[in-house]
Amino acid sequence: MSYNLLKGKRGIIFGALDENSIAWKTAERVHEEGGTFVLTNAPIAMRMGSINKLAEKTGSKVIPADATSIEDLEKLVAGAVEELGGKLDFVLHSIGMSINVRKGKHYTDQNYDWTQKGTDVSAMSFHKTMQVLYKQDAMNEWGSIVALTYMAAQRVFPDYNDMADNKAYLESIARSFGYFFGRDKKVRVNTISQSPTPTTAGQGVKGFDGFIAYAEKMSPLGNATAQDCADYTVSLFSDLTKKVTLQNLFHDGGFSNMGVSDAVMEAFVDKQEK
Ligand SMILES: NC(=O)c1ccc[n+]([C@@H]2O[C@H](COP(=O)([O-])OP(=O)(O)OC[C@H]3O[C@@H](n4cnc5c(N)ncnc54)[C@H](O)[C@@H]3O)[C@@H](O)[C@H]2O)c1
């Protein structure tokens, strides 16, 4: 259902790799709600992904950018403002990558070159994006910037590896930069802490199937899907959430406030009785 919540609003959506991507679902929802945007991803991901299909479907231009490159980001932001015909109202940072995770390097045995690369891609890219937006004065007042994160920033999930540290850094950047963006430009900055979701990045985490099944059983409302996340992000881009800023917003069916659920307890009670 469409409510025209984003009619007349313009933005940039990072990170749509394929149909499973949270950014892909968000782009489709933003389009349904009347928003216009530029799609972007790392040049290398463009070759693997099917972003052009999404661009066609949503009538969007694609501007490739490596989110760790200031030069690419400067071209992207200037290009988006020109293409869309004015300053921006929303930006979605939906980017994550850990080489240590990808190559199965344990948290206690990190390759620090890979760690640094992962931090640059997954967290510092958010600072770089906001710095470029800020310096180019590319955001309209009451605009909204959102990045996606995971609860491993606050609690231990052993197989999330160095991504846990990257997410803690990302969430801190949202608060620190969000202060200046709010004070100087009336722009809000938040992170959404999303349930485990079956995407390329999500499935890269060791033991993902067990992980997602456990979260499903722990959450009174069940896991939030990528589609649910798209809906929530639309609400944060809309004028209905103007005074929400500097927040890490849990979007996880209630998981983050659970101690234990009946469904999880049952598994242990059964085991003891067998
Ligand atoms: N899937 C989950 O379980 C889950 C849970 C919570 C949060 N998140 C977060 O959601 C966001 C989106 O991930 P997703 O699950 O949709 O997976 P995804 O693999 O579809 O998206 C990750 C994106 O990051 C992009 N990317 C990687 N390096 C880049 C670079 N240098 N420059 C620009 N883009 C780059 C990839 O090309 C890809 O499009 C990430 O921040 C992820 O950590 C995912």
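Trainee: Two residues are in contact if their C-beta atoms, placed from the backbone, lie within 7 Å; so, leaving aside neighbours within four places in sequence, what is I13 in contact with?

Mentor: Bearing in mind that this is a predicted model, I13 is in contact with A23, T26, A27, F37, L39 and L92, once its neighbours within four places in sequence are left aside.

Trainee: Which residues have the most contacts inside the largest nonpolar core?

Mentor: I12, I13, A16 and A27 have the most contacts there, in a core that has 57 residues. A second core, separate from that one, has 8 residues, among them Y150, M151, A152 and A164. As background, nonpolar side chains tend to be buried together in soluble globular proteins.

Trainee: Let's stay with the strand around I12 and I13; how many residues of β1 are buried?

Mentor: The strand is mostly covered, with 5 of its 5 residues buried. From β1, R10, I12 and F14 point one way, while G11 and I13 point the other way. That fits the general picture, in which side chains of a regular strand alternate between the two faces of the sheet.

Trainee: And which strands sit on either side of β1 in the sheet order?

Mentor: The open sheet has 7 strands with parallel pairing, in the order β3-β2-β1-β4-β5-β6-β7, which places β1 between β2 and β4. The edges are β3 (61-62) and β7 (248-251), each of which pairs on one side only. Towards β2 (residues 36-40), β1 is joined by 5 bridges, and F14 has T40 as its bridge partner in that strand. Towards β4 (residues 88-93), β1 (residues 10-14) pairs over 3 bridges, in the parallel sense, and I12 stands opposite V91.

Trainee: Which helices lie on the strands, and which strands do they touch?

Mentor: Helix α6 (residues 112-135) lies across β4 and β5 (139-149), and runs at about 165 degrees to β4. Helix α10 (residues 226-237) packs on the sheet as well, touching β4, β5, β6 (188-194) and β7, and its direction makes about 165 degrees with that of β6.

Trainee: How do α1 and α10 cross, and why is that pair called oblique?

Mentor: The axes of α1 (residues 22-32) and α10 come within 8 Å and cross at roughly 55 degrees. That angle makes α1 oblique to α10, because it falls outside the ranges for roughly parallel (under 35 degrees), roughly perpendicular (65 to 115) and roughly antiparallel (over 145). The crossing of α1 past α10 is right-handed. On the α1 side, the residues making the contact include I22, K25 and T26, and on the α10 side they include A226, C229 and F237.

Trainee: What about α4 and α6, at what angle do they pack?

Mentor: Helix α4 (residues 70-84) packs against α6 at about 45 degrees, with the axes 9 Å apart, and the two are therefore oblique to each other. Here too α4 passes α6 in a right-handed crossing. The contact is made by I70, L73, E74 and V77 of α4 together with K128, T129, V132 and L133 of α6.

Trainee: Changing topic: where does H251 lie, and is H251 buried, exposed or in between?

Mentor: H251 lies in strand β7, and because H251 has 19 C-beta neighbours inside 10 Å, H251 counts as partly exposed; a residue needs 20 or more to be buried.

Trainee: What surrounds H251, then?

Mentor: With neighbours within four places in sequence left aside, H251 is in contact with I192, S193, Q194, A224, C229 and Y232. In addition, H251 and Y150 are 101 residues apart in sequence, and their C-alpha atoms are 9.5 Å apart in space.

Key:
Residues are numbered from 1 along each chain as its sequence is written. This is a predicted model: local features need pLDDT of at least 70, side-chain atom pairs count only at pLDDT 80 or more; totals for chains, interfaces and linings use all residues. Two strands pair if DSSP finds at least two bridges between them. Helices (H or I, at least four residues) and strands (E, at least two) are DSSP runs, numbered from the N terminus. Axes are lines fitted to C-alpha atoms, for helices over the stretch in contact, and angles run from 0 to 180 degrees between N-to-C directions. A nonpolar core is a set of buried Ala, Val, Leu, Ile, Met, Phe, Trp, Tyr and Cys residues joined through C-beta atoms within 7 Å. A residue is buried if 20 or more other C-beta atoms lie within 10 Å of its own, exposed if 12 or fewer, and partly exposed in between; C-beta atoms are placed from the backbone. A crossing is left-handed if the near helix is turned anticlockwise from the far one by less than a right angle, and right-handed if clockwise.
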